[in-house]
Amino acid sequence: MSRSMNTFANQLRLFARSVDIVDDEIFDRVRSLVYKYVKSELGAAYFELMREEPLDRQLGLKMFWSSEDRDHFWRVSRDDGSYCNLVTQAFAEERPMWIVDRDRKPLSESGALEDEWSGHTDLLPYEQSGVESIHTLVILPLRRKRPLGVFYFESSSHIGITDVAKGELQVLADAVGIFLELYELNRSQSRMTSAAIFELQESLEAAKFPKLTRPHFFVAFSHRADDHVTTVISEVLDLFSDRIEFTDWSRMTESGNISTQIVKEITRSRFGICYLSEPNEREGDHPASYRDNPNVVFEAGMLHARTAANDSGDVGEPAGWIPMREKDSPAAPFDFAAERTLQIPRRSDGTLNEERLRSQLSERISKLLGEA
């Protein structure tokens, strides 16, 4: 490293250019290093870093860190357009200042302030920071793509300006500006991330997602349905138990309203099976041997609406549920008339053809799962 680069400010700037994230802890340590440096090299009795911050739609500077933790806020300009003090003037005009008294008096007693850095001639009176007998005030505006703020320090000694000091402090201001810009970017990203996480949490809590690893089947049938048929349904689903999970409403044991539980189960289901038929006890009204159970028809309608978005693309194929009905039944409910219903296979004597039903149902479930 060349001698010109081997300075505190240059090393700090090299470090600033190499980091990506500056949080509160890092920035606190950097500010402390800067204060220690100006205190050691220039006898700084007071050091303060201020950030640009609007107040009532007016440009202002707010104390961000100081060697004595004095919290305050300055408007940059008064209502008449004049600057509030020397610090806000340096910030607004983006020109550094090196303020001393021509006769080496304390600045608070001076009648002839001079700016040895930028040559300002219309200087405002010095306002005490609380430290007695200040003889030198140095103000460095901070800027990257836009004005960020300002840092300044006060010394009890009368210090004459030098080109070396000007160069070092300009680099120092550049380094602090980089850190401040990275700090503000990190704060902004943290706020946006927190807001996004909050919105995501609300969205996930409100959403109802189907299970993807083991999709959920809802199985509905009447308590009067043919036991042989419902047994085959359960046995076939058991064969797929490593790939699916299913709820048989007749086995629900939770306390509470059964209708509410059924709605909850349907809502979280991706697929379903509805055995609509039950024996018809009113043959005078309906000569068929079976009828559709109204409750199962209603649940089938809910499943149909729930799974419609999962349409496999096959014309006439149920999107995500399998309707099952007996052949000897009245006309199908109009809502399901277009669906390809699995008709319960029976022999000529009316007994259930279990093997055929098992085969047909297995094939239909495999197709729903994308395995056929």
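This passage describes the sheet, a helix that lies across part of it, and the nonpolar cores of a predicted model.

A good place to begin is the sheet, which is open and built from seven strands. Reading across it, the strands follow the order β3-β2-β1-β7-β6-β4-β5, with antiparallel pairing. At the edges are β3 (73-75) and β5 (113-115), each of which pairs on one side only. From one strand to the next, the twist averages 25°.

One pair of strands can be followed in more detail. Five bridges link β1 (residues 44-52) to β2 (residues 60-66) in the antiparallel sense. Within this pair, arginine 51 stands opposite lysine 62 of β2. Helix α2 (residues 24-42) lies across both of these strands and also across β7 (147-155), and the helix runs at about 140° to β1.

The helices and strands also come together in the largest nonpolar core, which has 39 residues. Members of this core are supplied by α1 (8-18), α2, β1, β2, β4 (97-101), β6 (136-143), β7 and α4 (163-206), with at least two residues from each. Helix α4 gives the largest share, twelve residues. The members that touch the most others are Phe151, Phe153, Leu169 and Leu172.

Phenylalanine 153 makes a helpful example. Apart from neighbours within four places in sequence, its contacts include Val38, Leu42, Ala44, Tyr46 and Phe47. Phenylalanine 153 is also in contact with Thr136, Leu137, Val138 and Leu169.

The model holds a second core as well, separate from the one just described and made of 23 residues. Among them are Val229, Phe240, Ile273 and Ile344.

Terms used: Residues numbered from 1 in each chain as written. Predicted model: local features only at pLDDT ≥ 70, side-chain atom pairs only at ≥ 80, totals over all residues. Heavy atoms only, no water. Pairing = 2+ DSSP bridges. Helix = DSSP H or I, 4+ residues; strand = E, 2+ residues; numbered from the N terminus. Axes fitted to C-alpha atoms, helices over the stretch in contact; angles between N-to-C directions. Contact = heavy atoms within 4.5 Å. Core = buried A, V, L, I, M, F, W, Y, C linked by side-chain atoms within 4.5 Å. Buried < 20%, exposed > 50% of the residue type's maximum accessible area, 1.4 Å probe, protein only.
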